[in-house]
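Work through the exercises below with the sequence and the structure open. Each task is followed by a solution in steps.

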Amino acid sequence: MSMRAHVGDQLIVESPTSGATKRDGEIVGLHHDDGTPPYDVRWSDTDQITLVFPGPDAHIHPIGDEPGRRWEETGHRGSATTHRGARSLSEAVVMSLVEDATAAPSMHNAQPWRFQYSRRSRVFRLRADLRGALPHTDPELRALHIACGAALMNLRVAVAHEGWEAQTRPLPDPADPMLLASVTLTRPLGDEADPAALYPAVRTRHTSRYPFAETEIPPSVRTALVDAADREQVSLSFASDWHLRSVVDLALEGEARNLTDAGVAADLARFTRATDDARPATEGVPEYAFGPRRRVGNAPMRDFAGGKSIPGRPTADFETFPHLVLLSTSRNRPVDWLRTGQAVERLLLRATLEGLSASFVTQALEWQDLRWPLRDPMSGMAYVQMVLRLGYGPPGTQTPRRPVHDVLDIEP
């Protein structure tokens, strides 16, 4: 009988003289649908993956308990512990993982991402979807990369929640710049479940455009947020005193420019939805999520109405001293933008679990001459990539997402 295996099984090579195990590894890739050789094997002694044509001294040791096999057959989702024996992902689970990923935020809710999943190699690929590009507001595609990084973080969290370790590679193919990342499911999750603990916040995190309370964020929570960004190699700092006033002024200047720039207005009109809008409600910011107009206060809120009056839209008093955090990197490359997106989403998920709400303050970042002065020259890194407003207040309003079948391709 020919040798047959599943992804996740163990390949054991024995000594021809003693019968003892000489080498073993996990089968992480198949080249034939019927499970016959050759295999991609990750060797336990080197952690390297090689193409293997097993000889007569090799045999397969199946890995997977009954709960894992039942999950593979049914696509049922549960705790990571339940699924550690699972060898492959059903179509239902793949779709659910991508649905989690697309719960991420993006500028104007443009959703500039597309996913591919390869059953054979157990790899998710994240690609830029230029349907979600903002040519006037984001000509460098910096915000696009940040949004896709946020979706990548959600995917990492969801994969860990499902009980898998994953290897994430940003920009894996220099010849294909729109391929932003790959996530390879390598083995059942070990005892360290980071970032699975963030999963409860994936679907509950929503941008809040409402006033927040004038309440301090405790030092322990600040430390947790700094750590969340640091885990993705991004620096986080809280603006205060003169720097806070400077960041607010720069954001207000950016907002004023946005309201008078025809190109920016075109981007905004494309991705905002009035109550009587006949376009499909699968992207953009709907009128019900604009939030109230600011009557007083210093919170630098974007006006998604573009300066137009909307009948029945309320006004509200916002914070006098908003909590603004800056995420910065030492360099300004696409990989740094992707890293920032992952840090932003990790921070937002942690903030959600800590009871905080958040909104984005990107107006100054959209203007090249306003971006550089955002940094704190005394302590900040060279490139500010994102500004967030945090605080205790109403949770955000859910905004629409494209259906999963519109953003996911599943390959054999």
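## Exercise 1: The enclosed space

The lining of the largest cavity consists of eight nonpolar, two polar and one charged residues. The model is a predicted one.

Task. State how many cavities of 30 Å³ or more the structure holds, and which residues line the largest cavity.

Solution.
- Step 1. One cavity reaches 30 Å³ or more.
- Step 2. The space in the largest cavity is about 50 Å³.
- Step 3. Its lining is made up of S106, M107, A110, P112, G132, A133, L134, D138, A143, L144 and A147.
- Step 4. Sort these residues by class. Asp counts as charged, and D138 is among the lining residues. Gly counts as polar, and G132 is also in the lining.

## Exercise 2: Two open pockets

Task. For the largest pocket, find which residues are closest to the centre and which element gives the most to the lining.

Solution.
- Step 1. The largest pocket holds about 680 Å³ of space.
- Step 2. Its lining has 38 residues, and P105, S106, R205, T207 and R401 are the closest to the centre.
- Step 3. The elements that each supply at least two lining residues are α3 (142-161), α7 (334-353), β16 (357-360) and β17 (383-391).
- Step 4. The most comes from α3, which gives five residues.
- Step 5. Divided by class, the lining has 17 nonpolar, 13 polar and eight charged residues.

Task. Do the same for the second largest pocket: which residues are closest to its centre, and which element gives the largest share of the lining?

Solution.
- Step 1. About 390 Å³ of space lies in the second largest pocket.
- Step 2. There are 23 lining residues, and those closest to the centre are L268, T272, F304, A305 and G306.
- Step 3. Two or more lining residues come from each of α5 (241-260), α6 (262-270) and β11 (272-273).
- Step 4. The largest share, four residues, belongs to α6.
- Step 5. The classes are ten nonpolar, five polar and eight charged residues.

## Exercise 3: The five-stranded sheet

Task. Give the order of the strands in the open sheet, and explain why one side of each edge strand has no neighbour in the sheet.

Solution.
- Step 1. The order is β8-β9-β7-β6-β18, with mixed pairing.
- Step 2. At the edges stand β8 (164-170) and β18 (408-411); each has a single partner strand, so one side of each lacks a neighbour in the sheet.
- Step 3. From one strand to the next, the twist averages 20°.
- Step 4. Strand β6 (residues 113-118) pairs with β18 in the parallel sense over four bridges. Here Q116 is opposite D409 in β18.
- Step 5. Add the helices. Helix α2 (residues 91-101) lies across β6, β7 (123-128) and β18, and runs at about 150° to β18. Helix α3 lies across β6, β7, β8 and β9 (179-188), at about 10° to β9.

## Exercise 4: The two faces of β5

Task. Decide which side chains of strand β5 (residues 58-61) are buried and which are not.

Solution.
- Step 1. In a regular strand, side chains alternate between the two faces of the sheet.
- Step 2. In β5, A58 and I60 point to one face, whereas H59 and H61 point to the other.
- Step 3. The cut-off for buried is under 20% relative accessible area. A58 and I60 are buried; H59 and H61 are not.
- Step 4. Strand β1 (residues 10-14) pairs with β5 in the antiparallel sense over four bridges. Within this pairing, A58 is the bridge partner of V13.

Methods: Residues are numbered from 1 along each chain as its sequence is written. This is a predicted model: local features need pLDDT of at least 70, side-chain atom pairs count only at pLDDT 80 or more; totals for chains, interfaces and linings use all residues. Side-chain values use heavy atoms; hydrogens and water are left out. On a 1 Å grid over the protein atoms alone, a cavity is a set of points where a 1.4 Å probe fits but cannot get out, and a pocket is an open set with protein on both sides within 12 Å along at least five of seven lines; lining residues have an atom within 4 Å of a point. Grid points are joined across faces, edges and corners, and a volume is the space filled by probe spheres set on the points. Two strands pair if DSSP finds at least two bridges between them. Axes are lines fitted to C-alpha atoms, for helices over the stretch in contact, and angles run from 0 to 180 degrees between N-to-C directions. Contact means heavy atoms within 4.5 Å. Buried means under 20% relative accessible area, exposed over 50%, partly exposed in between (1.4 Å probe, protein chains only).
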